[in-house]
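Good morning, everyone, and please have the sequence and the model open while I talk. I will walk through a pair of helices, and then through some positions that a database record marks.

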Amino acid sequence: MTHNYAAILQDISDAIHQTDFADARKADYIPALASVPDDHFAMVLRTAGGNELAIGQADLPFSIQSISKVFALVLAQRAHGDELWKAVRREPSGSAFNSLIQLEQEHGIPRNPFINAGAIRVADLIASRYANPDRSVAEFLGQLCGNPGIRVDNDVYLSEDQHGDRNRAIAYLMKSFGKLDNPVEDVVRAYFKQCSVAMTAREMARAAFFLANKGVGIDGRTVIAPEETSRINALMLTCGMYDGVGDFAFTVGIPAKSGVGGGIIGVIPGEFSVCVWSPRLDTRGNSAAGIKALEMLIRAIGRSVF
Ligand code: GLN
């Protein structure tokens with residue numbers, strides 16, 4: 001069934017601009033993220049047929065933050081294959097994205113690759129195999145979205161680095177259990193840099209397209225095998241929205257990954273990839289307007305992955 005996506009996006013944008021997300025707040029624990037205007041909103045949808053629909057500030061770069069964890073996971077998977085799953089588990093955490101509690105209880109093995117502990121371990125695995133780990137995620141994203149100019153935002157990177165005590169604590173805790181292979185400072189630098197990549201919602205919808213397209217990217221090239229693509233989607237569905245993942249599966253029902261820059265990517269395999277961006281976050285660190293927009297999209301088209 002074909003939908004009038006342009007009209008759907010317009011309705012969503014109108015509704016978002018009329019909604020008062022009074023309780024939502026921008027991430028300020030990374031001070032550079034707090035300077036983005038509150039009311040920015042963008043949504044870009046890329047259909048399996050290659051059509052692209054955009055609304056709002058679709059060409060304004062934002063800080064991708066934890067959305068980067070999906071792409072870092074693909075790089076680690078390519079380099080390590082199933083060995084990767086000895087280093088990181090695949091269970092939802094039910095805890096905040098930067099929690100240390102389970103890490104201590106589970107002897108330094110992170111619950112999943114999308115909480116900070118898991119992503120730091122994934123950055124460690126990348127550092128063991130890629131020549132330039134500080135740039136590999138940014139370069140990969142550049143290839144996927146067709147813009148080789150994709151870069152780390154240095155102001156955001158410095159801000160993350162200066163306020164990175166908690167992530168360093170996570171990395172040192174893993175190191176103390178013998179579960180980190182490279183020096184902590186090398187690993188957290190690479191992790192902060194991947195989080196500090198700046199991209200537009202349009203670029204993000206393009207980069208995420210392979211997840212909706214059996215592992216084949218916008219240029220027709222295979223990024224990963226179809227069965228690996230399904231696994232990444234399964235992890236996004238179960239772990240992509242942190243401790244809000246259950247609510248999100250209930251109300252929206254698609255694989256998705258958020259970041260504290262206010263971006264969310266999502267897919268319905270075989271149909272579309274979508275990126276939505278609005279900087280103010282709910283208490284779990286997910287974009288409040290972004291979740292509402294995805295909920296409206298799913299309601300308008302009358303289907304989720306369920
Ligand atoms: N760079 C952020 C951090 O490490 C990423 C967190 C996020 O987007 N949820 O805290």
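Let me begin with helix α5, which passes helix α8 in a right-handed crossing; a crossing is called right-handed if the near helix is turned clockwise from the far one by less than a right angle, and left-handed if anticlockwise. Before I go on, please keep in mind that this is a predicted model, in which local features need pLDDT of at least 70 and side-chain atom pairs count only at pLDDT 80 or more, while totals for chains, interfaces and linings use all residues. Residues are numbered from 1 along each chain as its sequence is written, and side-chain values use heavy atoms, with hydrogens and water left out.

Two packed helices are described by the angle between their axes and the distance between the axes. Here α5 (residues 116-129) and α8 (residues 165-176) pack at an angle of about 65°, with their axes 10 Å apart. The axes are lines fitted to C-alpha atoms, for helices over the stretch in contact, and the angles run from 0 to 180 degrees between N-to-C directions. Helices and strands are DSSP runs numbered from the N terminus, with H or I over at least four residues for a helix and E over at least two for a strand. The two helices are therefore roughly perpendicular to each other, a label for 65 to 115 degrees, whereas under 35 counts as roughly parallel, over 145 as roughly antiparallel and the rest as oblique.

Which residues of α5 and α8 meet? From α5 they are Asn116, Ala117, Ile120 and Arg121, and from α8 they are Asn167, Ile170, Ala171 and Met174, where contact means heavy atoms within 4.5 Å.

Asn116 deserves a second look: is Asn116 buried or exposed? At 3% relative accessibility Asn116 is buried, since buried means under 20% relative accessible area, exposed over 50% and partly exposed in between, with a 1.4 Å probe and protein chains only. Leaving aside residues up to four places away in sequence, Asn116 touches residues including Ser66, Asn167 and Tyr191.

Ser66 lies in the loop between β3 (62-63) and α2 (68-80), and Ser66 is also buried, with a relative accessible area of 5%. With the same sequence neighbours left out, the contacts of Ser66 are Asn116, Tyr242, Lys257, Ser258 and Gly259.
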